[in-house]
Amino acid sequence: METVDKVFALLKEHNGYLTTKETRKNGIKNKTMQRMADNGLIERAAHGLYVGTDIFPDPFFVAQYRCPKGVFSNETALFLHDLSDRDPLRMMMTIPSGWNSKLLTDDGILFFYNSPKMMELGICETETPSGMKVNAYDAERTLCDCLKHIEKLDRDLVLTALKKYIKSGERDNAKLLEYATALKIRDMVYRYLEVLV
C-alpha cells in the first residue's frame with residue numbers, strides 16, 4: 001500500500017484524526033505527514049495531530065490532545081453534560097497543581113488547579129457535540145466546582161444549570177453531597193439546594 005493511501009486508511013480508522021505517535025507505529029515518517037499537510041491533503045490540527053480535510057477539527061478533542069492531564073470542568077463541563085445550552089465562551093479545564101499550562105494559554109483555555117488526589121474525583125468520559133471522547137467531570141462534580149468558583153463564573157448560567165439538574169431524572173443527591181463534602185463546600189451546596197428545591 002502506498003504511504004499516502006496508508007495515511008488515508010489510518011485517518012478513516014481513527015475517525016479522521018491521526019497522531020504522529022500512531023503514524024510512527026505504522027512506519028510513516030513525520031516528513032511524509034508534513035509534506036501531505038503542505039500539499040493540502042491533510043491538515044495539522046495541533047503539534048503532532050493531523051485531520052482529514054473533510055473534518056472540521058473538534059476544539060474539545062484538540063484541547064484534550066494538547067492537554068492530556070486536563071479534565072473539562074466548570075462551564076465547559078456544564079455544556080458537555082447538556083446542563084447549559086450556551087456554547088462556552090472560553091474552554092475551562094482543571095489540571096493538577098504544579099503542572100505547567102503556559103504552553104496552552106495561547107489557546108484561551110481558563111485553567112483551574114487541583115491537588116492530584118482531588119483531580120480524580122468524578123472524572124468520566126463524555127462525548128463532544130461531534131462525537132469525540134474527552135475527559136470531563138461528571139454532572140455532580142461539575143456543579144460542585146461551579147458553586148465553589150461561582151464568583152469567577154457566570155452566576156446565572158450556574159444557577160440555571162443547577163435548576164435543570166434538580167428537575168432532571170438523572171440527579172443523584174447522595175453523590176452531589178459526597179463530592180460537596182470532599183471539596184469542603186457541603187454547607188454551600190445545602191443552601192443552594194434548599195433555595196432551589
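A nonpolar core is a set of buried Ala, Val, Leu, Ile, Met, Phe, Trp, Tyr and Cys residues joined through side-chain atoms within 4.5 Å, where buried means under 20% relative accessible area, exposed over 50% and partly exposed in between (1.4 Å probe, protein chains only). The model is predicted, so that local features need pLDDT of at least 70 and side-chain atom pairs count only at pLDDT 80 or more, while totals for chains, interfaces and linings use all residues. Residues are numbered from 1 along each chain as its sequence is written, and side-chain values use heavy atoms, with hydrogens and water left out.

**Exercise 1. Identify the residues of the largest nonpolar core that touch the most other members, and the helices that supply this core.**

Solution. Begin with the membership: the largest nonpolar core has 29 residues, and those touching the most other members are Leu78, Leu83, Leu143, Cys144, Leu147, Leu176 and Val189. Next, assign the core to helices, which, like strands, are DSSP runs numbered from the N terminus (helices H or I, at least four residues; strands E, at least two). H7, H8, H9 and H10 each supply at least two residues of this core, and the largest share, seven residues, comes from H8. Apart from this core lies another, of 13 residues, which includes Cys67, Ile109, Val134 and Ala136. As a general point, nonpolar side chains in soluble globular proteins tend to be buried together.

Then take one member, Leu147, and list its contacts (heavy atoms within 4.5 Å). Leaving aside neighbours within four places in sequence, Leu147 is in contact with Val158, Leu162, Met188, Val189 and Tyr192.

**Exercise 2. Determine which residues of helix H10 are buried, and which exposed residues are carried by the face turned away from them.**

Solution. In helix H10, which spans residues 186–196, Val189, Tyr192 and Leu193 are buried. These three lie on the same side of H10 because they cover an arc of only 100 degrees around the axis, the arc being that of the directions from the helix axis to the C-beta atoms. The face turned away from this buried side carries the exposed residues Asp187, Glu194 and Val195. Finally, ask what the buried side meets: the buried residues of H10 pack against H7, helix H8 (155–167) and H9.

**Exercise 3. Describe the salt bridges of Lys175 and Asp145, and state where each partner sits.**

Solution. A salt bridge is a side-chain nitrogen of Lys or Arg within 4 Å of a carboxyl oxygen of Asp or Glu, and a search of the whole structure finds seven of them. In one, the side chains of Lys175 and Asp138 meet at 3.4 Å, N to O. This pair links distant parts of the chain, 37 residues apart, with Lys175 in helix H9 (residues 173–182) and Asp138 in the loop between strand E8 (133–137) and helix H7 (139–148). Lys175 counts as partly exposed because its relative accessibility is 27%, whereas Asp138, at 10%, counts as buried. Asp138, Glu140 and Lys175 are linked in a network of salt bridges.

For Asp145, the partner is Arg141, with the closest N and O atoms 3.1 Å apart. Both residues lie in helix H7, four residues apart, about one turn of the helix, and both are buried.

**Exercise 4. Work out the surroundings of Asp172.**

Solution. Asp172 is placed in the loop between H8 and H9, and it is partly exposed, with a relative accessible area of 30%. Not counting residues up to four places away in sequence, Asp172 touches Glu140 and Tyr165. In addition, a polar atom of the Asp172 side chain lies 3.0 Å from the backbone nitrogen of Lys175.

**Exercise 5. Establish which strands pair with E3, and in what sense.**

Solution. Two strands pair if DSSP finds at least two bridges between them. Strand E1 (residues 17–19) runs antiparallel to E3 and is joined to it by three bridges, with Leu18 standing opposite Tyr50. Strand E2 (residues 42–46) also pairs with E3 in the antiparallel sense, over four bridges, and here the bridge partner of Tyr50 is Arg44. The hairpin of E2 and E3 has two residues between the strands, and Gly48 takes a positive phi near 85 degrees there. As for the side chains of E3 (residues 49–52), Leu49 and Val51 point one way, Tyr50 and Gly52 the other way, and all are buried.

Key. A polar contact is a pair of N or O atoms within 3.5 Å; within protein, one must be able to donate a hydrogen and the other to accept it, and residues adjacent in sequence count only if both atoms are side-chain atoms.
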